[in-house]
Amino acid sequence: MGGLLGWSELMLALLLIFSMQTGSGSVNAVGPPDCSYIRTFSSNGASGVYSIQPEGFRFSFEAYCEMGTNGIWTVIQKRTGGAVTFDREWAAYKNGFGFASWDHWLGLEKISAMTKDKSKRWKLRVDLWDFEGGSAYAEYEDFRVGDESTNYRLSVGRYSGTAGDAIRGAYPGVDQNGYGFSTFDHDSDGCNPCLFGDIATNRCTDFNSGGWWYSKCGSANLNGNWHPKGDNIGWSSGLHWLTWKGPAPYSAKATRMMITPM
Ligand SMILES: [Ca+2]
């Protein structure tokens, strides 16, 4: 047993050394910096999971590339059900979790690395599906996420779409643009406390759960708890985009967030 463990640890160490070397840039042949390059790397160019490595990032990783009619997008978030829990700590949101081919959060380090080059502009698209067969979308120009020292601060520019601009808020004072990311173990939500009727809260995650760019909790959060059809309205934690469906909070059936260079 001890011998087997020693062997697996040795293999892990070798893998780590190898990945550090490949990440150094000199042996960098692992993949494109984001999905928009896939067609030049791959002949068939179908939607699916590809290996990408943003410039300056330490290692390559799997991401889902959506080959759309309006661009090739790198998916950074997807929800279709409750099997993958999104009520997770800072480290999980930092590094990512779930399955690239299915429900997942790509990870703030990766999103930040992709969008940090100020000479490049990025568009964010948010897709929302309801339980009644409908859908809506929101697009933001100049999407960017800062590094960890800024708590992965969110920046978005001009909005367009059919779902409403829930990031800037369904009501005044809750603008999430320019706010850092919060999880239950990492609070930068601007509540100390926030008052909702008779309820005072210091942490949006106490009610809204998940991790998000909470600003006084706000009107958008797609990383809350997933709820099934018929039991999806009125929960404080859900897949909420309150400019789309509200004021009674409607939790979406499915969501997707993805980015592409502008
Ligand atoms: Ca707080």
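**Exercise 1. Find where pLDDT stays under 50 at the start of the chain, and state how many contacts the model has there beyond four places in sequence.**

Solution. Step 1: pLDDT, the predictor's confidence in each residue from 0 to 100, stays under 50 over residues 1-5. Step 2: for residues 1-5 the model has zero contacts beyond four places in sequence; two residues are in contact if their C-beta atoms, placed from the backbone, lie within 7 Å. Step 3: residues 11-28 also have pLDDT under 50 throughout, and here the model has seven contacts beyond four places in sequence. Step 4: over the chain, the mean pLDDT is 88, and 87% of the residues reach 70 or more.

This is a predicted model, in which local features need pLDDT of at least 70 and side-chain atom pairs count only at pLDDT 80 or more, while totals for chains, interfaces and linings use all residues. Residues are numbered from 1 along each chain as its sequence is written.

**Exercise 2. Decide whether the residues of helix α4 are buried or exposed, and list what covers them.**

Solution. Step 1: a residue is buried if 20 or more other C-beta atoms lie within 10 Å of its own, exposed if 12 or fewer, and partly exposed in between, with C-beta atoms placed from the backbone. Step 2: in α4, the buried residues are Leu108, Glu109, Lys110, Ile111, Ser112, Ala113, Met114 and Thr115. Step 3: because eight of the eight residues of α4 (residues 108-115) are buried, the helix is largely enclosed by the rest of the structure. Step 4: the cover includes β2 (61-68), β3 (71-79), α3 (90-95), β6 (122-129) and β8 (144-145). Helices (H or I, at least four residues) and strands (E, at least two) are DSSP runs, numbered from the N terminus.

**Exercise 3. Name strands that are joined to β3 by bridges, with a residue pair for each.**

Solution. Step 1: two strands pair if DSSP finds at least two bridges between them. Step 2: β2 and β3 run antiparallel with four bridges, and a hairpin of two residues links them. Here Met67 stands opposite Ile72. Step 3: β15 (residues 254-261) is antiparallel to β3, with five bridges; Val75 faces Met258 across this pairing. Step 4: β5 (residues 104-105) is joined to β3 by two bridges, again antiparallel, and Lys78 has His104 as its bridge partner.

**Exercise 4. State how many helices and strands the chain has, and what share of its residues is buried.**

Solution. Step 1: the count is five helices and 15 strands. Step 2: of the 262 residues, 43% are buried.
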